[in-house]
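Biologist: I am new to this structure and would like to go through it step by step. Could you take my questions in turn and show the reasoning behind each answer?

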Amino acid sequence: MKKIVIYSSQTGNTKKVGEAIADELGCEAVSFESQKAQNLSEFDFIAVGYYIDKGGPDSKFKRFIKENIKDKRVGLFITLGAEPDGEHGAHMLNGGKVLLEENGCEVLREFICQGAISDEVMQQMREMVEKMGDKAMHQITPERLARWEAAKSHPDENDLANARKAFAGI
């Protein structure tokens, strides 16, 4: 079975998880912008990974998925700044599965873990709260700041080991 890992990564978190999964699968991990990701017809299994951006994959990667990953056996992996085992994490995984299944793909594996949030995104959120005040959707609370700080240490070695386990046996 010919396999590949395709990812979109902003801060390097998703790339790191993708490389761990590729190591487990015995294949290569490449950015979706790579020339190697342009012809996926020869692959029997594709591990698809992205970071959460405004509730799903970034728009360029979402377009890439819709145009290039069809009728394949796939695995899905996601990184996000929020707690991965909460309601938001479950919603993000489900959304990714739906996106792939709408393209005729069979999702064989899935994995989600926390990842550091880019400084740019944190700054945008601060500016939004400053501009909108109490009407801002995501207030900068002590809990949010603590989550941002905790996210800085992810993905850690435990996350990478769990990603490998999630894709073992493909």
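What follows is a set of questions and answers on the sheet, the helices and the side-chain pairs of this predicted model.

Biologist: In what order do the five strands of the open sheet stand?

Modeller: The sheet is an open one with parallel pairing, and its twist averages 20° from one strand to the next. Read across the sheet, the order of the five strands is S2-S1-S3-S4-S5.

Biologist: Which strands stand at the edges of that sheet?

Modeller: A strand at the edge has a single partner strand, so one side of it is left without a neighbour in the sheet. That is the situation of the strand covering 29-31 and of the strand covering 106-114, and these are S2 and S5.

Biologist: How many bridges join S3 to S4?

Modeller: On one side, S3 runs parallel to strand S1 (residues 3-7), with five bridges joining the two, and there valine 5 stands opposite alanine 47 of S3. On the other side, S3 runs parallel to S4, where the bridge partner of glycine 49 is phenylalanine 77. The number of bridges that join S3 to S4 is seven.

Biologist: Which residue of S5 stands opposite leucine 76?

Modeller: S4 and S5 pair in the parallel sense over eight bridges, while S4 itself is mostly covered, with seven of its eight residues buried. Within this pairing, the residue of S5 that stands opposite leucine 76 is glutamate 110.

Biologist: Which helix makes a right-handed β-α-β unit with S4 and S5?

Modeller: A right-handed β-α-β unit is also made by S3, helix H2 (residues 59-68) and S4. For S4 and S5, the helix to consider covers residues 87-101 and packs on the sheet, where it touches S3, strand S4 (73-80) and S5, its direction making about 145° with that of S4. The helix that makes the unit with S4 and S5 is H3.

Biologist: How far apart in space are glutamate 101 and arginine 73, C-alpha to C-alpha?

Modeller: Glutamate 101 is found in helix H3 and, at 44% relative accessibility, counts as partly exposed. In sequence, glutamate 101 and arginine 73 are 28 residues apart, whereas in space the distance between their C-alpha atoms is 9.9 Å.

Biologist: Which residue forms a salt bridge with aspartate 23?

Modeller: A search of the whole structure finds six salt bridges, and in the one formed by aspartate 23 the closest N and O atoms are 3.9 Å apart, which counts because the cut-off is 4 Å. Aspartate 23 lies in helix H1 (residues 13-25) and its partner in helix H6 (residues 157-166), so the pair ties together parts that are 141 residues apart in sequence. Aspartate 23 is exposed, at a relative accessible area of 57%, while the partner is partly exposed, at 26%; that partner is arginine 164.

Biologist: What is the N to O distance in the salt bridge of lysine 36 and glutamate 28?

Modeller: Lysine 36 is partly exposed, with a relative accessible area of 46%, and glutamate 28 is partly exposed as well, with 37%. Their side chains meet in a salt bridge, and the distance from N to O is 2.8 Å.

Biologist: Why is the pair of phenylalanine 45 and phenylalanine 167 classed as it is?

Modeller: The structure holds six aromatic pairs, and in this one the ring centres are 6.4 Å apart. The pair links distant parts of the chain, with phenylalanine 45 in strand S3 (residues 45-51) and phenylalanine 167 in the segment after H6, 122 residues apart. Phenylalanine 45 is buried at a relative accessible area of 0%, as is phenylalanine 167, also at 0%. The ring planes stand at 70°, and since planes over 60 degrees apart fall in that class, the pair is edge-to-face.

Biologist: Is histidine 154 buried or exposed?

Modeller: Histidine 154 has its place in the loop between helix H5 (142-151) and H6. Leaving aside its neighbours within four places in sequence, histidine 154 is in contact with residues including Asn13, Gln114 and Asp159. Its relative accessible area is 18%, and because the limit is under 20%, histidine 154 counts as buried.

Note on methods:
Residues numbered from 1 in each chain as written. Predicted model: local features only at pLDDT ≥ 70, side-chain atom pairs only at ≥ 80, totals over all residues. Heavy atoms only, no water. Helix = DSSP H or I, 4+ residues; strand = E, 2+ residues; numbered from the N terminus. Buried < 20%, exposed > 50% of the residue type's maximum accessible area, 1.4 Å probe, protein only. Phe/Tyr/Trp six-rings, centres within 6.5 Å; stacked < 30°, edge-to-face > 60°. Pairing = 2+ DSSP bridges. Axes fitted to C-alpha atoms, helices over the stretch in contact; angles between N-to-C directions. Contact = heavy atoms within 4.5 Å. Right-handed = clockwise from strand over helix to strand, strands pointing away.
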